[in-house]
Amino acid sequence: MTFTTRPEIVGTYGVATSTHWIASAVGMRILERGGNAFDAAAAMGFTLHVVEPHLNGPLGDMPLLMKPAGDAAPTVVCGQGTAPANATIEHYRDQGLDRIPGSGLLATVIPGTFDAWMLMLRDHGSLPLREILEPAIHYAAKGHPVLPRVADTIAELSEFFETEWPTSFDTWLPGGAAPKAGALFCNPQLADTWTRLLQEVECVPDRGEQIQAARHVFYQGFIAEQIDAYLQSACVMDAAGQLRKGVLTGQDMATWQASYEAPLSTQYQGWTVWKAGMWTQGPTLLQSLNLLSGFDFSTLDLCGAEFVHLVTEAMKLCFADREAFYGDPAHVALPTETLLSSTYADSRRGLIGDTASFDHRPGTIPGYEHWAEAAIARASHTYESGSAHGAGEPTMAHLSQKKGDTVHLDVIDRWGNMVSATPSGGWLQSSPVVPGLGMPLNSRAQMFWLDPGLPTSLAPGRRPRTTLSPSFARSPDGTDIAFGTPGGDQQDQWQLIYLLRLVHGQTNLQKAIDAPLFHTGHFQESFYPRNARPGHLMVEPALGKDTLAALQRKGHQLEIAAPWTVGRLTAASRSADGLLRAAATPRLMQAYAVGR
């Protein structure tokens, strides 16, 4: 018998998996009530805002991949808001900044998550909006058992909230005391916000028109009005240690909408893999697969030193390209076709040697040399963090001194509809709670640079190059897989490792999730203060002493993680005959897969 930490869930009716057991149960409840995967995913997403508020919120951002039954490929829903009209390099430089702080009001872009859910629900959902929001309203109003990491985050920031962000103090420390782990915690303002939204739109009888009305209420009605009124006068402490005002306005919100896009894809060992576009880091996974297609994995131990080394060195090259060439293709002409070509992968493969590289090596692409040179120069610079007050980074909180993370969900229904989504932003530590709404703003603008002429330069109307990165894949036998993970810069590293083990190990979803993980911080991080750690490699000790020793001999700068602490993968699949499977990581003891 092969032992896994949890059983791989198998059924035919529906499966839901996410980074919190309550959200997974909510998803299954929606499926049981006759809803489809699109209904279930949205209900799970709104629930995750409540039960994992240190990791995501309603004013955050989200890319998702959705595949209606019968479609040949998934579709991307872009819930990544853009920079406000007044978010110019000149304005931020005038504030004395050389980088955008990791928290506070200047770090905010237009909130995108809500409209992404509404767009998908309008066109593909089936249940009334009230049924989607009711679970979130229940847990916000009646309470949910607060996670230890939520309680710890609030306690650590309690003094800062009291002195600098009083609206957050009132929300997260009701009665002046931080919640205890496991105690019931409520966010009545958030419950009231969703209740009022429903009251304003339920006079519209048609379901689709009701959802359109909800979009209007959020982006032009009382929610946008409350945000606009607050930001007109608010001047708060940020991660750079200064009091600063924001630039987001109600007009910015009124002029933005979520949108559909075609995904990018590649072929690997008979598999097809899909990711969102160059405004995410998702194409690094596609580039990595192209690079690795020239190596023979058939004799490699998938937990051995050669595997870890090969994958790490490939990721270093692809993430160097991310730093040089990725950005918003709606605003900048990017060399996407070149980056994803087999010819380009062939030209880069020889850079992978037998020892760990300490160099930053984006590719040489004619006409784009200046971007590569700028990326190398940035990566070689050490940035001071300034003040750590309120700083928020959506990576693994237990792996650094910063606070933050992200959430992920996958769901498949009995008809074969599938969703993979990675909501993030609007964490409780990212920005003060907007008075009367019970929700903080996001801090995704920290991924822009304040240097002109780059694909990731701050500019009004431009999307930041986000780390958020859900995945879809199809195996040679026609099995479709939706998967993803929180983890900032680590998302596409852990997903690549997971996918390689599925492809080459022919193992089940849970076994591949349980296998020990690793990642590198070699390249420039996406989050404030934005430093690189050349040669760095974090590994779980379960890889084994021999593997770790061999990696050290190859020159990797090892950081040994505590056991079972790296990665929060979830996954769900549907085979051609309709058999459904789901799995969730045991790490952090929160994620869960359910189904029947």
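Me: Why is Cys303 called partly exposed in this predicted model?

Reply: The relative accessible area of Cys303 is 22%. Buried means under 20% and exposed means over 50%, with partly exposed in between. Cys303 at 22% is therefore partly exposed.

Me: What makes Cys203 exposed?

Reply: Cys203 has a relative accessible area of 62%. The cut-off for exposed is over 50%, so Cys203 is exposed.

Me: How many disulfides does a search of the whole structure find?

Reply: The search finds 0. A disulfide would need a pair of cysteine sulfur atoms within 2.5 Å.

Me: Which residues touch the most other members of the largest nonpolar core?

Reply: They are Trp117, Leu129, Trp194, Leu197, Ile227 and Val419, out of 88 residues in that core. Helix α2, residues 37-51, gives the most to this core, with 11 residues. A second core lies apart from it and has 51 residues, including Trp271 and Tyr498.

Me: With which residues is Trp117 in contact, leaving aside neighbours within four places in sequence?

Reply: The partners are Ala41, Ala42, Gly45, Phe46, Met62, Leu64, Leu409, Ala421 and Pro423. Contact here requires heavy atoms within 4.5 Å.

Me: What makes strand β3 mostly covered?

Reply: In β3, residues 62-67, 6 of 6 residues are buried. Met62, Leu64 and Met66 point one way, while Pro63, Leu65 and Lys67 point the other way, and all are buried. In a regular strand the side chains alternate between the two faces of the sheet.

Me: How do you know that β3 pairs with β4?

Reply: Two strands pair if there are at least two bridges between them. β3 and β4 (residues 75-79) have 5 bridges, in the antiparallel sense, so they pair. Within β4, Val76 is the bridge partner of Leu65.

Me: How many bridges join β3 to β13?

Reply: There are 4, and β3 runs antiparallel to β13, residues 418-421. Leu65 stands opposite Ser420 in β13.

Me: Why are β1 and β10 said to stand at the edges of their sheet?

Reply: The sheet is open, with 7 strands in the order β1-β22-β21-β17-β16-β11-β10 and antiparallel pairing. β1 (9-11) and β10 (264-268) each have a single partner strand, so one side of each is left without a neighbour in the sheet. Neighbouring strands of this sheet are turned by 15° against each other on average, direction ignored.

Me: What makes β16 and β17 a pair?

Reply: The requirement is at least two bridges. Strand β16 (residues 471-474) and strand β17 (residues 480-484) are joined by 4 bridges and run antiparallel, so they count as a pair. One bridge sets Ala473 against Ile481 in β17.

Me: Which strands does helix α17 touch?

Reply: Helix α17 (residues 491-505) packs on the sheet and touches β10, β11, β16, β17 and β21. The direction of α17 makes about 165° with that of β11. Helix α12 (residues 283-292) lies across β10, β11 and β16, at about 25° to β10.

Me: Why do β18 and β20 stand at the edges of the sheet with the order β18-β19-β20?

Reply: This open sheet has 3 strands, with mixed pairing. β18 (518-519) and β20 (557-560) each have a single partner strand, so one side of each lacks a neighbour in the sheet. β18 pairs with β19 (residues 536-539) in the antiparallel sense over 2 bridges. That count meets the minimum of two, so the two strands pair. His519 has Met538 as its bridge partner in β19. Helix α19 (residues 545-553) lies across β19 and β20, running at about 150° to β20.

Note on methods: Residues numbered from 1 in each chain as written. Predicted model: local features only at pLDDT ≥ 70, side-chain atom pairs only at ≥ 80, totals over all residues. Heavy atoms only, no water. Buried < 20%, exposed > 50% of the residue type's maximum accessible area, 1.4 Å probe, protein only. Core = buried A, V, L, I, M, F, W, Y, C linked by side-chain atoms within 4.5 Å. Axes fitted to C-alpha atoms, helices over the stretch in contact; angles between N-to-C directions.
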